[in-house]
Protein chains: 2
Amino acid sequence: MEENVQKAIQDEYPDEFAWCYGCGRLNEAGHHFRTGWHGDKTRTIYRPLPEHMAIPGFVYGGLIASLIDCHGTGSAALALHRKNGHEVGDGAEPPRFVTASLNVDFVRPTPNDVALIAVGTIHEVHPKKWKIETEVFANDTLCARGEVVAVVMPSTFTTKG
Amino acid sequence: MEENVQKAIQDEYPDEFAWCYGCGRLNEAGHHFRTGWHGDKTRTIYRPLPEHMAIPGFVYGGLIASLIDCHGTGSAALALHRKNGHEVGDGAEPPRFVTASLNVDFVRPTPNDVALIAVGTIHEVHPKKWKIETEVFANDTLCARGEVVAVVMPSTFTTKG
């Protein structure tokens, strides 16, 4: 199974939106989640660090939630970008989404010594609101299911309150 | 508003369960979330680090999800410990919970230059299953709502698959 996402939407975000601890390429301390197409699904692949444990050997829930969250917003951006006639790498600036809601079902303990693969199925609610159903696999075993509702980043995002 | 939880359930976990990146006191790289009673509610207080951003100035969703998650399992442990006749600090080993499901609604952008306060309301589903409704505040403003269903850690947790 391929271990890298070749063309990731996060590679295309403008610099000012590339600082997310989960998926920002410019955040040196962060996870650098990268999300791309894989057929009509989306994929994010991430190998947890040893410290990302719940108990030794297993991933803590917050990392899985973060993976599903950023995978969801990235998947929505991929989908709207494609709907707008663009693909990653064509030079067009992609849309940027924020998460309205995040649901995670932890199906079984997730080992932290292998790459996790998040696989997303995308549903358009309306052009500015998308729902992404995600399954997270470790060693081809389903470990978590998630759902993200992502909305196009409002211009008010940077105004507090 | 007090800025520290005085008696936290995570201080009482046995060493082998004190490694969680979110709430384990022995995980040097982690967040060290600490959860205690505050009246009949529970509380976890955490000041994000600068790198925990979505965009500069605002907390990324994964941190909020992780806070709600560990606050939920800690709150469930506090509640069952009390139901069993114990309080933090009395020397008894508390029960340990894992998360079955986690839901987060992101109400508004969350500033990352202040302490976040997670406030939990606990509901017993049955003795081994608890639901925790959590509100996350920054500067007394509600920024996120969450719900965790936590179950007593099964003995199979450490067997993969």
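## Two chains joined across a strand pair

Let's start inside chain A, where A:T42 stands opposite A:G120 in β4(A). That match belongs to an antiparallel pairing in which five bridges join strand β2 (residues 41-46) of chain A to strand β4 (residues 116-126) of chain A. Keep in mind that this is a predicted model. As for confidence, chain A averages a pLDDT of 94, and 94% of the residues score at least 70. The model scores ipTM 0.95 and pTM 0.96.

**Strands within each chain**

β4(A) has another partner to talk about: ten bridges join β4(A) to strand β5 (residues 129-138) of chain A, and the two run antiparallel. Within that pairing, A:T121 has A:E133 in β5(A) as its bridge partner. The link between β4(A) and β5(A) is a hairpin, with two residues between the strands. If you're tracing side chains here, remember that in a regular strand they alternate between the two faces of the sheet.

Over in chain B, there's a hairpin to look at as well. β1(B) and β2(B) form it with two residues between them, and B:G39 in the turn has a positive phi of about 65°. Strand β1 (residues 35-38) of chain B and strand β2 (residues 41-46) of chain B run antiparallel, joined by four bridges. Here B:W37 has B:T42 in β2(B) as its bridge partner.

Here are the pairings side by side, including the one that crosses between chains.

| Strand pair | Sense | Bridges |
|---|---|---|
| β2(A) and β4(A) | antiparallel | five bridges |
| β4(A) and β5(A) | antiparallel | ten bridges |
| β1(B) and β2(B) | antiparallel | four bridges |
| β3(A) and β3(B) | antiparallel | five bridges |

**Where the chains meet**

How many residues does each chain bring to the contact? Chain B gives 40 residues and chain A gives 41 residues. Between them, chain B and chain A bury an area of about 3,200 Å², with carbon and sulfur atoms giving 64% of that. On the chain B side, α1 (61-83) and β3 (97-106) each supply at least two of the residues that touch chain A. β3(B) gives the most to that side, with eight residues. Sorted by type, the residues of chain B that touch chain A come out as 19 nonpolar, 13 polar and eight charged.

β3(B) also pairs with a strand from the other chain: strand β3 (residues 97-106) of chain A and β3(B) run antiparallel over five bridges. In this pairing, A:N103 stands opposite B:N103.

What about polar links across the interface? There are ten residue pairs in polar contact between chain B and chain A, both residues at pLDDT 80 or more. Salt bridges are another story, as zero turn up across the interface of chain B and chain A.

**Salt bridges elsewhere**

Over all chains, the structure holds eight salt bridges. One of them is in chain A, where the side chains of A:R25 and A:D15 meet at 2.8 Å, N to O. Both A:R25 and A:D15 lie in the segment before β1 (35-38) of chain A, so this pair ties together parts that are ten residues apart in sequence.

Methods. Residues are numbered from 1 along each chain as its sequence is written. Chains are lettered from A and ligands numbered from 1 in the order in which they are written. Side-chain values use heavy atoms; hydrogens and water are left out. Contact means heavy atoms within 4.5 Å. Buried area is the accessible area (1.4 Å probe) that two parts lose on being put together, summed over both. A salt bridge is a side-chain nitrogen of Lys or Arg within 4 Å of a carboxyl oxygen of Asp or Glu. A polar contact is a pair of N or O atoms within 3.5 Å; within protein, one must be able to donate a hydrogen and the other to accept it, and residues adjacent in sequence count only if both atoms are side-chain atoms. Ala, Val, Leu, Ile, Met, Phe, Trp, Tyr, Cys and Pro count as nonpolar, Asp, Glu, Lys and Arg as charged, and the others, Gly among them, as polar. Two strands pair if DSSP finds at least two bridges between them. pLDDT is the predictor's confidence in each residue, from 0 to 100.
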